[in-house]
Amino acid sequence: MGEFIAEMQERLLPEYEQMKNYNVFMPDQVRDIISRRERLFLKINKSHQTISDYLEFILYEKQMHQTIIDKEKKMHVKLTGLRNSISIRIMRLYREVLGKFTHDRRLWSNWIKFSKKSNQTEVTGIYEKMLLVRILRANHFDDVFEMFCLIFQYHGDDPDIWVDAALWLYEFNRLNIDRVKDILLRGLQRHPDSDVLNKCFFDIMLKEAALANSERTLAENTLSEQDIKLERVEAVYRNSMANITQLNYFVSLLDSCEDYHELTGKLQRIIIDDIQEKFPREPGLWDLLAQRELRGYHLGDLADEDQDNSDEEPASKKSCPVNSRSLKRRIQLCVTVYKSAVEELQTAEMWGRYLDAMLALNTDVKQERILKQQSLADALQAGHRSRLMGVKHYALLRKMLCSAPSGIEAAVTILTEALKNDSSVAMHELLLATHIQNDSEPLVYELFNKIQKSMGSEGLTLWKSVILYYKTRQDSLGGRRLEEIYALACKSTWPEFGELRSDYIRYLWQERSVEEARKEYAKLAVQPPMSLVLHRQMVQLESSLAVRDKGSLKYWRMCYEFMACYFGKTEPRIWVEYLTFERDHGDAKNISLLSQRALTTLEPQYVPAFEAERTLAYVGAAIVG
């Protein structure tokens, strides 16, 4: 037996004695624990070991650990020795299993989670094992960094692991800053273009600078300790700039700088100058600058501070005023930046960001309500004139106009103009909804004629809206228009319009007569494109009759005949439904012949499905009977 086995056996007896002495468990429970551990112990010592064997043991010990914690609270006693003994065993189990299955990342993560709760001094060593190459140390071992020895590289391919390790070590003890920087530098050697690693390094160095002394000078250096550390922050930024090309990364750096705005004026100006040079036509850049103005970080203040910097006064002692301007002025500056942006870029994306920002501004109108609403109105009007505004914002503009007493006519004019540049279904829906809201039947009908001539199946939703409008009119004109529209829909060769055929049959059945619906169904049933939905709709209507005679059964059966004729090769469910109809409502003598017909009509690959469904249907009927 190895060292781990011997040590574990040695620790078991004292644990059981403590359990008995403190009455933590009854004697029979202790025997069960001994037996369970023996079985788990044998599993991890067999010739062929698996991760699951260790996980079972670890899970059991974790449950035992939690039980001891619960017992402490319930019994109001301290069982520190017992609890620590179990914790040590769990840690050693993790060490052993990870020595054999080093590449299972979930095991490492679980070990870290447990160690953070029960043994924080081990966590740094675990991260080092996951990440770093073997490190040889002196002849002594430190309790805190015991696991720094005999280490090899396992999971250094994931930048997030490096970040987690650095953050844990820094948060655990700020005095570990040198080791933190070492971890991050090693990570950046492998992942120089990782935004999360560079951002983590930047944030930690910035926090160190903020905590540094801003008064004390170092030796002959006239700068303060804080200024020197700020220079290091800038160096970290410069290094990352050479490897990262995503705007979002630089935006995140500026967000971090805003948390220490009184220190980072110069650095913010450097970052902004760089991204203006790298991303001059990126909408995200202009959006960033406008939003900073709204938050009170005026770009002109950074420029003024740059000019005012002098050798006599270190940058760290200067502070940039934030929110020193009124909300009204900040809104005006923000809008000015957006106006410059849409004029410079002239893209739909930039207009979208501008309009979204004005919408967000109007979610809170407790202050400067008139200015905010006017800014939104001006942006919407300018967006329409630019011919680059999207459907989402036209929908908002329509809603605003239609809520005014005389705004519907203006909405119609604007949406009609917009259709010349955007003939999408969504834009047609806006104009159609406006006509319907105003009950302008001639305009609804005119727009429908344009839709049915210029659009194919994608205009189906518009057809449905027009049909619903005429149904709600409930007058003679509405009836005539419905007949005309349904006639056009029934003649359409688009398969998607089969839904409107079904709707027409249901309309005739409910509003006209059963006979008229049956007559029209008989024509549509044989008219391409074939629609299974149409036949199922007619089956549902026929089955809804309260009084049935032989004639009604004939029409009902005809629906199944049409389905079997046109879809019987590939739809086994149709035959099952047909058989169920004959069994429950038709002639039982037809079932045998119909079953044989189904087997000969269906393609071979669908026959098993038919047999299975038929059996289930008959078993279900027998149970109900």
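**Entry 1. Glu61 and Arg89**

I looked up the burial of two charged residues in this predicted model. Glu61 is buried, and Arg89 is buried as well. I then checked how their side chains relate, and found that Glu61 and Arg89 meet in a salt bridge, at 3.1 Å from N to O. The pair links distant parts of the chain, with Glu61 in helix α3 (residues 51-75) and Arg89 in helix α4 (residues 80-100), 28 residues apart.

**Entry 2. Lys181 and Asp178**

I turned next to a salt bridge between the side chains of Lys181 and Asp178, for which I noted 3.9 Å from N to O. Both residues belong to helix α8 (residues 177-190), where they are three residues apart, about one turn of the helix. I asked whether each partner is buried or exposed. Lys181 has a relative accessible area of 23% and is therefore classed as partly exposed. Asp178 has a relative accessible area of 56%, so I recorded Asp178 as exposed, the cut-off for that class being over 50%.

**Entry 3. Glu542 and Arg518**

I examined a further salt bridge, between Glu542 and Arg518, whose closest N and O atoms are 2.9 Å apart. Glu542 sits in helix α26 (residues 532-543) and Arg518 in helix α25 (residues 514-524), so this pair ties together parts that are 24 residues apart in sequence. I found both Glu542 and Arg518 to be buried. I also noted one network, in which salt bridges that share partners join Arg536, Arg573, Glu577 and Glu613. For the whole count I recorded 37 salt bridges.

**Entry 4. Helices α20 and α21**

How do helix α20 and helix α21 pack, at what angle and with their axes how far apart? I read an angle of about 155° for α20 (residues 425-437) and α21 (residues 441-454), with their axes 9 Å apart. Angles over 145 degrees count as roughly antiparallel, and α20 and α21 are therefore roughly antiparallel to each other. I recorded the crossing of α20 and α21 as left-handed.

**Entry 5. A nonpolar surface patch**

Which residues form a nonpolar patch on the surface? I identified Val526, Met530 and Tyr566, which together have about 230 Å² of accessible area. I then followed Tyr566, which is placed in helix α27 (residues 550-567). Tyr566 has a relative accessible area of 33% and is partly exposed. Patch residues need over 30% relative accessible area, a cut-off that I checked against the 33% of Tyr566.

Notes
Residues numbered from 1 in each chain as written. Predicted model: local features only at pLDDT ≥ 70, side-chain atom pairs only at ≥ 80, totals over all residues. Heavy atoms only, no water. Patch = residues over 30% accessible without salt bridge, like charges linked within 9 Å, V, L, I, M, F, W, Y side chains within 5 Å. Areas by Shrake-Rupley, 256 points an atom, 1.4 Å probe, with all protein chains shown as cover. Salt bridge = Lys/Arg side-chain N within 4 Å of Asp/Glu carboxyl O. Helix = DSSP H or I, 4+ residues; strand = E, 2+ residues; numbered from the N terminus. Buried < 20%, exposed > 50% of the residue type's maximum accessible area, 1.4 Å probe, protein only. Axes fitted to C-alpha atoms, helices over the stretch in contact; angles between N-to-C directions. Parallel < 35°, antiparallel > 145°, perpendicular 65-115°, else oblique. Left-handed = near helix turned anticlockwise from the far one by under 90°.
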